[in-house]
Amino acid sequence: MMLRLLKHGRTPAGRLSRRWMSSGSHSKTTVMSFGDGSHGALGLPASIIGMGSDAYEPTPIPGLPPDVVTVAAGHFHSLAVTSEGHVWAWGRNNEGQLGRDPLSPRETWNEPKRVEGLNKVRVQAAFASGVISAAIGDDGSLWVWGSSKRGQLGLGKGITNAALPSKIETLSGEEIVKVSLGWGHALALAKNGNLFGWGYYADGRIGKIGRELEISPLESNSTKLGSKGESSAIEAAAKSVMEAIEKEKDMPIIWEPGSIEELHKLKVADVACGLDHSLVLCRNGTLFSGGSNVYGQLGRAIKDLGMQPVDINFLPLSIALGLGHSLAVCNDPSSEPTGNATSVVSWGWNKSSQLGREGPDDIPQVVEGLIGESPVSVSGGRAHSLALTAKKELWAWGSGRNGRLGLGSSADETEPMFVEYLEGSEVIQAVAGLDHSLVLVGE
């Protein structure tokens, strides 16, 4: 067992000696990537990772400035923000989400380049979905670019494309501090605790915003297959999908940001969007969920559409979502009275062990492998999860396909594993795309 651990560069939680690292300001930072590189989201040239396009361990991305302060991972592209407020992008650009000339050669998409059209905006944070990118200026303004037929740009009725970064005027006067983007929906949090949602609103994934809630055609049809023979089930599935696609031609869309009715009297502390579900953490500690519950990712017995309280017995501090699973950093109820200890709680889709624990999938429960490690942030991908601790160490678990765990192999991990390739480094931030991961390391 020990030989296997050393060979693949990983150590399971609970078997690691304590290594405290100093923190503070960083004169230089490095962005590293690992996982699936087929869309160029790793930002790595073939000369580094070879012809396979995947990276199985954290690998420095060349060509980025040495003063990156924050990173973001979309489904298949990546973003970085520098101390000067510049945004750099690389990866998939089919929808113009890189903010560069749409006629640029596809073979150059994996090369980090500065986003065009933000010269007069000093950006402090960036965010990404599968098809668009977003940036928050130092004045709290929100800028978006890319293409979304589901209204995720939030620029107004019928606007599905923005070749250059465009300001969401509806939010003028609001100081936006965080944005989260799902498959076709979006949530934006203002400094004063107000929350705004827009985009594809089926299944109540952004709550109720002036319209009756609707069930997604794809979601409702997924329950109609029944227990039929294999061939008939395949035929039924094909028919079901075609029916859903036809219905989605008249998609329920909110084209501009609006206030969420269920949360009007509450102030929000954090937001997160999965592929087709959302979490909203209020300042009073209440956690709400909305959207699809196919995998139990809403974490509640109440089946009503819209934003409803999660059945969680812990006090959440921050939240994150993968494609179909949910993660939260919570106060550890079993800790000493000082109340400083934290734990990770997970629920939802667990096909590749992305919950990092045993037990029921649809009930929020503690990831025991991280007890005592003081997690401070989490991030979820298609089928893998990441956790960053107070000691600036990175842990990963779930699907190891394409090296997305950074552990040196493609093996799945059922419990959190310490990413040993980063030992001795001070990890500032870790984020997961669908099938790739990014880490920001201080020097």
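Which residue of strand 7 does Ala89 stand opposite? I began my notes with this point and found that Ala89 stands opposite Lys113 in strand 7. I keep in mind throughout that the model is predicted.

**Entry 1: confidence**

I looked up the confidence before anything else, and the protein averages a pLDDT of 88, with 83% of the residues scoring at least 70. Over residues 1–24 the pLDDT is below 50, although this stretch has 64 contacts in the model beyond near neighbours in sequence. Residues 220–230 also have a pLDDT below 50, and I noted eleven contacts for this stretch, again beyond near neighbours in sequence.

**Entry 2: strand 6 and its partners**

I then returned to the strand that holds Ala89, which is strand 6, residues 87–91. Five of its five residues are buried, so strand 6 is largely enclosed by the rest of the structure. I checked the two faces separately: Val87, Ala89 and Gly91 lie on one side, Trp88 and Trp90 lie on the other, and all of them are buried, which leaves both faces covered.

For the pairing, I found that strand 5 (residues 77–82) runs antiparallel to strand 6 and is joined to it by five bridges. Ala89 appears here as well, as the bridge partner of Leu79. The hairpin of strand 5 and strand 6 has four residues between the strands, and in it I noted that Gly85 takes a positive phi near 85 degrees. With strand 7 (residues 113–114), strand 6 pairs in the antiparallel sense over two bridges.

**Entry 3: Leu42**

Where does Leu42 sit in the chain? I placed Leu42 in the loop between strand 2 (29–35) and helix 2 (46–49). I read a relative accessibility of 1% for Leu42, and because buried means under 20%, Leu42 counts as buried. Leaving out residues up to four places away in sequence, I listed what Leu42 touches, and among them are Ser33, Phe34, Asp54, Ile61 and His436. Trp90, one of the buried residues of strand 6, is also touched by Leu42. I looked up one C-alpha to C-alpha distance too: Leu42 and Met32 are ten residues apart in sequence and 8.2 Å apart in space.

**Entry 4: the sheet 12-13-14-15**

Next I turned to an open sheet, which four strands form in the order 12-13-14-15 with antiparallel pairing. Its edge strands are strand 12 (176–181) and strand 15, each of which pairs on one side only. Direction ignored, I found neighbouring strands of this sheet turned by 10 degrees against each other on average.

How many residues of strand 14 are buried? I counted six of six for strand 14 (residues 195–200), which is mostly covered. Strand 13 (residues 185–190) runs antiparallel to strand 14, and five bridges join the two; one pair I wrote down is His185 with its bridge partner Gly199 in strand 14. The hairpin of strand 13 and strand 14 has four residues between the strands, and Gly193 in that hairpin takes a positive phi near 95 degrees.

On the pairing with strand 15 (residues 253–259), I noted four bridges to strand 14 in the antiparallel sense. Tyr200 stands opposite Ile253 in strand 15, while Phe196 has Ser259 of strand 15 as its bridge partner.

Terms used:
Residues numbered from 1 in each chain as written. Predicted model: local features only at pLDDT ≥ 70, side-chain atom pairs only at ≥ 80, totals over all residues. Heavy atoms only, no water. Buried < 20%, exposed > 50% of the residue type's maximum accessible area, 1.4 Å probe, protein only. Pairing = 2+ DSSP bridges. Contact = heavy atoms within 4.5 Å. Axes fitted to C-alpha atoms, helices over the stretch in contact; angles between N-to-C directions. pLDDT = per-residue confidence, 0-100.
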